[in-house]
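Grab a pencil and work through these exercises with the model open beside you. Try each task before you read its solution.

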Amino acid sequence: MNENLAALVPELALLGAAVIGLLAGSWLPRRRQWAVAVLTAAACVAGLAATGITMATGREQTVFHHAFAVDTATDMGRLIVLGALLLITGMSVETVRGHKRETEYWVLLLLTGAGTLALIGANDLLTLFAAYLLASIPAYALAAFAKDARGTEAALKYYLMGALLGTTMLTGTALLFAAGHATLYRELHSALPTAAYGLVAVGLIGVLAGLLFKAGAVPAHFWVPDVTDGAPTPVAAYVTTLPKIGGLVAGYRLLHQALPDSDVNWPLLLAVIAAVTMTLGNLAAFFQNSVKRLLAYSTISQVGYLLMALAVATRTDLAQKSLLFYLAAYAATNLGAFAVVTELPHARTLDDYRGLARRHPGLAAVLVVCLLGLVGTPPTGVFLGKLEIFSAAVDGGYSWLAALAVANTVASLFYYLRWLAPLFATTAPAPAEAHAVLGRWAAATAYTAGTGSLVLGIAGGAVLPLATGPLLR
């Protein structure tokens with residue numbers, strides 16, 4: 001058994017910072033609790049540095065009796081998650097500064113980030129479920145952090161959906177164990193092809209239910225708009241970004257490593273879910289006036305595109321790199337849009353953004369880059385990500401799904417333009433208080449994320465090879 005703790009430095013950095021931060025916050029005066037935010041950022045930087053060293057030295061391995069894999073998908077997932085956590089930390093500074101539970105906010109963010117990292121590398125069903133719990137439970141508390149009526153309602157819906165689908169996931173785990181007499185993916189890979197078809201099918205659907213909840217895909221998407229609208233904006237940015245990274249990479253690993261030779265037609269199931277998810281998300285976003293609810297339905301549609309890579313996970317070598325690159329581009333672009341919304345706390349509807357380009361041209365520019373980026377407009381990262389993932393779908397035999405995705409992409413331009421058009425309105429601008437800014441940290445985060453989206457699009461040729469490599473069993 002390989003019990004190499006050095007392989008888990010990014011995960012341990014977040015967990016260690018959470019423990020130290022909780023203890024330190026118990027003694028620090030309220031005006032000094034910003035130190036825990038610094039600790040959070042330092043843990044993310046340490047994790048990024050450790051991941052960079054792992055990728056440079058090629059230390060791919062499985063640890064703890066193959067229950068956790070450190071390979072290409074894990075390393076890329078770590079980079080995306082830790083980078084996203086840094087951006088969320090930046091946009092959260094002004095929101096929680098001086099709050100009586102400021103320390104708890106950072107600790108919860110660190111714990112749910114550690115759970116997301118564990119999801120990415122989980123190579124065993126029990127490890128997968130433990131990571132699901134660690135990623136989910138702190139997130140329920142974050143959703144209710146404001147302790148107002150909308151936040152409480154959002155947290156309750158988030159928790160109830162998570163508890164229901166978490167139980168479903170555990171049931172699916174038990175059924176797959178009954179079918180394959182193992183929980184390790186490498187053992188299930190050889191056992192499931194000869195196992196009872198019904199057990200494998202029902203068990204897989206149960207496990208996928210939990211992962212689809214994390215990703216916010218249909219039919220486990222009902223919580224997304226309410227939680228996004230009711231939670232504080234930095235938390236909304238978190239729930240529309242990080243859980244998707246963990247859930248989708250975990251789902252890809254499970255399907256690719258444990259079920260490539262199964263008789264269950266899971267590629268068609270996921271193709272149908274992807275089609276319904278992207279279409280429903282776009283249709284629901286068409287006539288939204290709340291900017292947060294529009295972004296919530298937008299993120300549901302983005303999950304539909306991302307699920308295309310899971311549908312062809314074992315059918316083409318393009319699936320893995322397209323998924324990982326798209327996740328990186330989506331994280332930067334989505335967080336950039338949410339950083340602008342955070343910076344303008346009083347602008348809650350599309351009309352509140354009228355005339356923004358004249359008052360805050362920098363923020364308007366970031367919003368243009370990020371919203372057109374979410375459509376898939378060159379030269380942003382999402383454009384290249386969509387190009388890769390559509391190519392993977394065609395190469396994997398799902399040309400009809402790629403065609404539907406292209407149609408949905410064109411249709412999505414409508415509701416993003418409904419938000420962009422008021423930015424440049426020269427008549428009847430929104431009241432000045434609607435454009436009152438929060439502070440420099442959220443603005444800096446917006447500029448950083450918007451730049452990141454453009455860099456990924458322009459330098460994508462240098463990033464894509466990092467997402468190419470075998471998965472370890």
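**Exercise 1: Follow a lysine**

Lys157 and Asp226 make a salt bridge, with their closest N and O atoms 3.0 Å apart. This pair ties together distant parts of the chain, as Lys157 sits in helix H6 and Asp226 in helix H9 (residues 223-230), 69 residues apart. Before going on, note that this is a predicted model, where local features need pLDDT of at least 70, side-chain atom pairs count only at pLDDT 80 or more, and totals for chains, interfaces and linings use all residues. Residues are numbered from 1 along each chain as its sequence is written, and side-chain values use heavy atoms, with hydrogens and water left out.

Task: Find which residue in helix H6 is 4 residues apart from Lys157, and place the pair in its network.

Solution:
- Step 1. Recall the rule: a salt bridge is a side-chain nitrogen of Lys or Arg within 4 Å of a carboxyl oxygen of Asp or Glu. Helices (H or I, at least four residues) and strands (E, at least two) are DSSP runs, numbered from the N terminus.
- Step 2. The residue you want is Glu153; because it is 4 residues from Lys157 in helix H6, about one helical turn separates them. Glu153 and Lys157 also form a salt bridge, with closest N and O atoms 3.0 Å apart.
- Step 3. Now zoom out: Arg150, Glu153, Lys157, Asp226, Asp229 and Arg293 are linked in a network of salt bridges.
- Step 4. Check the cover. Buried means under 20% relative accessible area, exposed over 50%, and partly exposed in between (1.4 Å probe, protein chains only). Glu153 has 43% relative accessibility, so it counts as partly exposed. Lys157, at 30%, is partly exposed, and Asp226, at 23%, is partly exposed too.

**Exercise 2: A buried pair**

Task: Say which residue shares a salt bridge with Glu11, and whether the two are buried or exposed.

Solution:
- Step 1. By the salt-bridge rule, the count comes to 8 salt bridges.
- Step 2. In one of them, the side chain of Glu11 meets that of Arg78 (2.9 Å, N to O). Glu11 belongs to helix H1 (residues 9-25) and Arg78 to helix H3 (residues 72-96), so distant parts of the chain, 67 residues apart, are linked.
- Step 3. Glu11 and Arg78 are buried.

**Exercise 3: A threonine in a loop**

Task: Find where Thr241 lies and which side chain joins it in a polar contact.

Solution:
- Step 1. Look in the loop between helix H10 (233-239) and helix H11 (242-258).
- Step 2. Thr241 has a relative accessible area of 0%, so it is buried.
- Step 3. Its side chain has a polar contact of 3.0 Å with that of Asn334. (A polar contact is a pair of N or O atoms within 3.5 Å; within protein, one must be able to donate a hydrogen and the other to accept it, and residues adjacent in sequence count only if both atoms are side-chain atoms.)

**Exercise 4: Backbone oddities**

Task: Find what kind of peptide bond joins Val218 and Pro219, and what phi His181 has.

Solution:
- Step 1. The Val218–Pro219 bond is cis, with omega about 5°. Pro219 is in the loop between helix H8 (197-215) and H9.
- Step 2. Pro378 and Pro379 are also joined by a cis peptide bond, with omega about 5°.
- Step 3. His181 is not a glycine, yet its phi is positive, about 55°. At 64% relative accessibility, His181 counts as exposed.
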